Amino acid sequence: MGLTNALQTKLEVQTCVQCIGRWRQRIGPDLRESGIFNYNNQLLFTHELLDDYTSCYTTSETPFTAWVKVVSRRYEENRSPMPFVSEQVLRAAWFAYVNLQDFSKDMTCPTCGEAPKDVIWDGVSVGFSRKHLLDTLHPPTISDKAAPQSRAQYVAKQQIIPDISLRRALRKVIKGDTSSSRLTYDSDEDDQVQQVWRSEAAKKQEISRLESIPGVAAGLAHLAPGMSALFQEFFGLAAIESRVIPPAQYKKLFIQLASEESVVQTFNRSALSQLKEFLLNPSHHTASKLVDCPALRQVLQAEDQYSEAILDLCLWLHKRGSDIHKQLLQGSTPAATNLKIEDEDWRKTGCCYSMPKIRHRPIYTHLQYDKQVETGNNRGAKCSKYYNTYGERKLTGGLVAAWCTHSICYGFHFIPKGEGRNDVFSAMYTRWPEAPKRVIYDFACALGPYCMTREAAFFGETLFMIDEFHARDHTKCAPAAFANTYMSVDPRIAHLNTSAAECGNGGLKRIRKSVSYMGQANAIMYTKVFLSVWNRQRILANNRQ
């Protein structure tokens, strides 16, 4: 079977001495040096034909059915003495062919190295029918029998400001218009100035906001007098009466202080070290190093001299962040790296990464919701974005893939039910020798605390960020969770392609329909071949640039 027609020929075979009885088969020649794949001693396919399908489906959406029809018509046009084979035969021959091909060593970016420091995670709804799901599917979220038990526990009230009522009141004051107590004006078509009165509801909200200010100031003073002093300087009643316009950097800082995210999202270990260096030597030089905390850095760089209030706030923030980190580290143990774990066959497990498994996923006996499946639910009051809905038409939960910033896929694994933080956490912890410096994920606002709760020692230096593409859906999340917040202060992040995963996922959508009709083994192989070809094309393109 060739690209344009088929030919008949004779093939010399011999009886297999290993087969017994009536099941005795025959051994045929290996014709790969001639560019021919011997499928079953009766059907021979040219490499050119089978590679043509690989090229087609990795370039555009091309199911087997459509491609077989195209080739069949080509045979008819060329008046082939034999018709082309059926879709079922072609599918079986193609999978037998690619199973013999070497698709290894193509999931590593030459620029980023074996374990990228900047990794982008994303899930895509490429799944197969649940009725074909086998018990051999083994995502990294499954803990082995040899997995150690961890003493990690939940740490309550991880927010920068622990009191939820105070956080809500502070957000109400900060996000309100501090000039709204004054009358506003607008112009009509005749350019005559008319006074515009607010509605009764708006007046009540404004009165409630103003009444909250003394209580907020008192609550902040109980935590840190310097924080309360800065609040009253720009947002207090006296500031409103004097028509003080709060600087944008202070508004961003207090919004971050009042956020519902954990303090570890704002201050990882690297940020705490930078803040400590500033406190030991307060200057613009040391303040400029606070790239892992942009909100505080912008405030410090905008000041000519640092007041006692600012220094007191910085001291309290360092203490608050250090205390939460210490509590998280109490149940964390150093990650083992010298374990000898036998690699499982990715063709069966559906878990294929360029890096071998070097440690087990621990069993967290003290974390009640550790193995809870997150599918189709939002993140509660802390985040307004929903997980993607998988499992449509009774399919499996899709797959999760890891990408570097050059759109090279470092691996993937199929999900039985639905994507969650556990998929990203488990894949990184079991395979990365050291935690990535920056992790970009569309649920990074929740992934950071999830990872820190379980393995604070391993992920302590990691910065978790939401890429620009997904940031608009996180209307309730604080700026510290967004990649574009760090881009303005850190040139290393400004040059990152944070949407590299979306480029790869756009390619993976080409095989969504085909995979949905496959069994587990074929779906895994089909996806692996696609990503291998994708990576090789990207590497070649990057080398040409």
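Start at the second largest pocket: its lining residues divide into 14 nonpolar, six polar and eleven charged. The model is predicted, so treat every stop on this tour as a feature of a predicted model.

**Stop 1: the second largest pocket**

The volume here is about 570 Å³. Select Glu 344, Trp 346, Cys 351, Cys 352 and Tyr 353; of the 31 lining residues, these are the closest to the pocket centre. Now colour by secondary structure. Helix H14 (346-349), strand E9 (351-353) and helix H23 (520-544) each supply at least two residues of the lining.

**Stop 2: the whole chain**

Zoom out. The chain has 23 helices and 14 strands. It runs to 545 residues, and 50% of them count as buried. Turn on contacts between residues at least 6 apart in sequence: 73% of these join residues at least 24 apart. Then show the surface. Its accessible area comes to about 27,300 Å², with 50% belonging to carbon and sulfur atoms.

**Stop 3: the largest cavity**

Rolling a probe the size of a water molecule over the atoms shows where empty space is left. The count comes to three cavities of 30 Å³ or more. Go to the largest cavity, with a volume of about 70 Å³.

Select its lining in three steps:

- Val 264, Gln 265 and Asn 268 are among the lining residues.
- Gly 448, Pro 449 and Met 452 also belong to the lining.
- Phe 459, Gly 460, Thr 462, Leu 463 and Phe 464 complete the lining.

Which elements each supply at least two residues of this lining? They are helix H9 (263-266), helix H16 (444-454) and strand E14 (463-465). H16 gives the most, with three residues. By class, the lining of the largest cavity divides into six nonpolar, five polar and no charged residues.

**Stop 4: the second largest cavity**

Move to the second largest cavity, which holds about 40 Å³ of space. Select Ile 120, Trp 121, Asp 122, Asp 442, Asp 467, His 470, Thr 498, Ala 501 and Glu 502 to show its lining. Strand E5 (118-124) and helix H21 (500-508) are the elements that give two or more residues to this lining. E5 gives the most, with three residues. Charged residues appear here: the lining of the second largest cavity has four charged, three nonpolar and two polar residues.

**Stop 5: aromatic pairs**

Show the rings of Phe, Tyr and Trp. A search of the whole structure finds 37 aromatic pairs.

Select Tyr 53 and Phe 64. The pair is stacked, at 4.4 Å centre to centre with 20 degrees between the planes. Tyr 53 lies in helix H1 (residues 47-57) and Phe 64 in helix H2 (residues 64-77), so the pair ties together parts that are eleven residues apart in sequence. Both Tyr 53 and Phe 64 are buried.

Next, select Tyr 57 and Trp 94. This pair is edge-to-face: 5.6 Å centre to centre, 85 degrees between the planes. Tyr 57 sits in helix H1 and Trp 94 in helix H3 (residues 87-98), so the pair ties together parts that are 37 residues apart in sequence. Are Tyr 57 and Trp 94 buried or exposed? Both are buried.

**Last stop: the ring cluster**

Keep those four residues selected and add Trp 67, Tyr 75, Phe 84, Phe 95, Trp 403, Tyr 526, Phe 530 and Trp 534. Ring pairs link these residues with Tyr 53, Tyr 57, Phe 64 and Trp 94 into a cluster.

Notes:
Residues numbered from 1 in each chain as written. Predicted model: local features only at pLDDT ≥ 70, side-chain atom pairs only at ≥ 80, totals over all residues. Heavy atoms only, no water. 1 Å grid on protein atoms, 1.4 Å probe; cavity = no way out; pocket = protein on both sides within 12 Å on 5 of 7 lines; lining within 4 Å. Points joined across faces, edges and corners; volume = space filled by probe spheres on them. Helix = DSSP H or I, 4+ residues; strand = E, 2+ residues; numbered from the N terminus. Nonpolar A, V, L, I, M, F, W, Y, C, P; charged D, E, K, R; others polar. Buried < 20%, exposed > 50% of the residue type's maximum accessible area, 1.4 Å probe, protein only. Contact = heavy atoms within 4.5 Å. Areas by Shrake-Rupley, 256 points an atom, 1.4 Å probe, with all protein chains shown as cover. Phe/Tyr/Trp six-rings, centres within 6.5 Å; stacked < 30°, edge-to-face > 60°.
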